[in-house]
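Please open the model in your viewer and keep the selection tool at hand. The stops below follow one another, each beginning with something to select.

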Amino acid sequence: MIIGVTKKAQSLFSNLPPIKDKEYGKQFAQINPLFSWHANYINVNRKKVIILLNDLTYTPIILQDINAQKKKQLSEIIPEAIRIAFEIAGISNEKIDEYLEIAGDIQVTDTSNRSVLGSINLVVEELSDFRLNINQTINSEIMAFYSDYIHMKLIKTGYGSSAEALQDALNKPLKVVEFVETEPYSIEKTWDYSAFTQVDTSNFSADQWETHIEASIKNNEKLLAAFKEYTIAVKGLSEKTVKRHLENLYYYLDIYLIEYEQATPVNSTEAAGNFLSSFFVEKNLASSSASLKQCGSSLKKLYQFLYEAGEISKNNLAEVNESIKVGVQEGVEYLGYTEDGGSWF
């Protein structure tokens, strides 16, 4: 069993063994959310109160007055509290025993699930207004209240409460799925900007210019195809989100860089900022502060990809990111000024 503990609460869990490989702990929590928990704490009348939520079912555990002595007993207190929490949800003793046996000993790691942490923070805010009976180490009354609590993530998956989600999870065969480490993702470079970074287009005829544009666009298409595959496979973005990024990047690569800057994404660290601060907001009639920031996000992801593909250096990446940051700021200022009826010229 793994517990992701906030930095604030780390000292309360110092008597429990930390997981040796934090990356493994993160992966374990992702594929075994039923056997993973997150924890934080608050002070109530100078007494420390720990809040734990299960990563899958949001099953609540409230542990009170965790002093120096009780810290040493958490390896026994937490399984006891899990038993009580499961009993509140109507789980049989046999199933609880099975869960605790499979879950194994507790190991502590860093937090990794923002959704669960968000719910813990809501509980923290509410508990501050409760009159807690601090004399109890395991506050079953408050746990019963939060077992019927409405969590938006549970509603989206068809459950009205953590008790319902827990019942459904424990009705299925229980097992820990072992994390199998895969080979690091390798970016296959099908594009090549070397020829385009050296070409002098100043004396091109109309036909030569059209040929150059066509070749540049085809090269960009190869880059963006690899970018799409990478962002879905490695970054975990959805097809819908990636499509939105690609729309911004086609505009940047195929129109702005080729026709206006006559540059490539690998030989200019200022082009992205210039694009955002002026071209995007002046030429795009549908531009807004929101669409500008989205475009800035798309460009950051593109240049991060180019860095990881070995096309630009770490220093280049830092320069581009700063250029994008400034470009967004200036673009927002421009939009705000023109929306108020002013002229930028």
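Begin with S323, which you will find in helix α13, the stretch covering residues 314–339; bear in mind throughout that this is a predicted model. Is S323 buried or exposed? Its relative accessibility is 15%, and because buried means under 20%, S323 counts as buried. If you now display its surroundings and leave aside the neighbours within four places in sequence, S323 is in contact with T269, E270, A272 and G273.

One of those contacts, A272, leads to the next stop, so select helix α11 (residues 271–283) together with helix α12 (residues 289–308), whose axes lie 11 Å apart and pack at an angle of about 155 degrees. Because angles over 145 degrees count as roughly antiparallel, α11 is described as roughly antiparallel to α12. The crossing in which α11 passes α12 is right-handed. To see the contact itself, show the side chains of A272, F275, L276, F280 and V281 on α11, and those of S291, L292, C295, G296, L299 and Y303 on α12. Sorted by class, the residues of this contact comprise nine nonpolar and two polar ones, with no charged residue.

Next, move to helix α10 (residues 239–261) and select K243, which lies in it. With a relative accessibility of 55%, K243 counts as exposed. Add K228 to the selection: although K243 and K228 are 15 residues apart along the chain, their C-alpha atoms are separated by 8.3 Å.

From there, go to the loop between α10 and α11 and pick out Q262. Its phi is near 50 degrees, a positive value in a residue other than glycine, and Q262 is partly exposed, with a relative accessible area of 47%. For a second residue with a positive phi, select D65, which is likewise not a glycine and has a phi near 50 degrees. D65 lies in the loop between β4 (60–63) and α2 (68–71), and at 18% relative accessibility D65 counts as buried.

Now select helix α3 (residues 74–88) and helix α6 (residues 140–147), whose axes come within 10 Å and cross at roughly 50 degrees. That angle makes α3 oblique to α6, and the crossing of the two helices is right-handed. Where do α3 and α6 meet? On the α3 side, display A81, I84, A85 and I88, and on the α6 side S140, M143, A144 and S147. The residues of this contact divide into six nonpolar and two polar, and none of them is charged.

Finish with the nonpolar cores. Which members of the largest core, which has 60 residues, touch the most other members? They are F13, L63, F86 and Y99, and the largest share of this core, seven residues, comes from α3. Center the view on Y99: not counting residues up to four places away in sequence, Y99 touches L34, F35, W37, N54, I82, F86, L170 and L174. Apart from this core lies another, of 39 residues, which includes V242, F275, F280 and Y303. Selecting F275, F280 and Y303 takes you back to an earlier stop, where F275 and F280 of α11 and Y303 of α12 take part in the contact between the two helices.

How values were computed: Residues numbered from 1 in each chain as written. Predicted model: local features only at pLDDT ≥ 70, side-chain atom pairs only at ≥ 80, totals over all residues. Heavy atoms only, no water. Axes fitted to C-alpha atoms, helices over the stretch in contact; angles between N-to-C directions. Helix = DSSP H or I, 4+ residues; strand = E, 2+ residues; numbered from the N terminus. Parallel < 35°, antiparallel > 145°, perpendicular 65-115°, else oblique. Left-handed = near helix turned anticlockwise from the far one by under 90°. Contact = heavy atoms within 4.5 Å. Nonpolar A, V, L, I, M, F, W, Y, C, P; charged D, E, K, R; others polar. Core = buried A, V, L, I, M, F, W, Y, C linked by side-chain atoms within 4.5 Å. Buried < 20%, exposed > 50% of the residue type's maximum accessible area, 1.4 Å probe, protein only.
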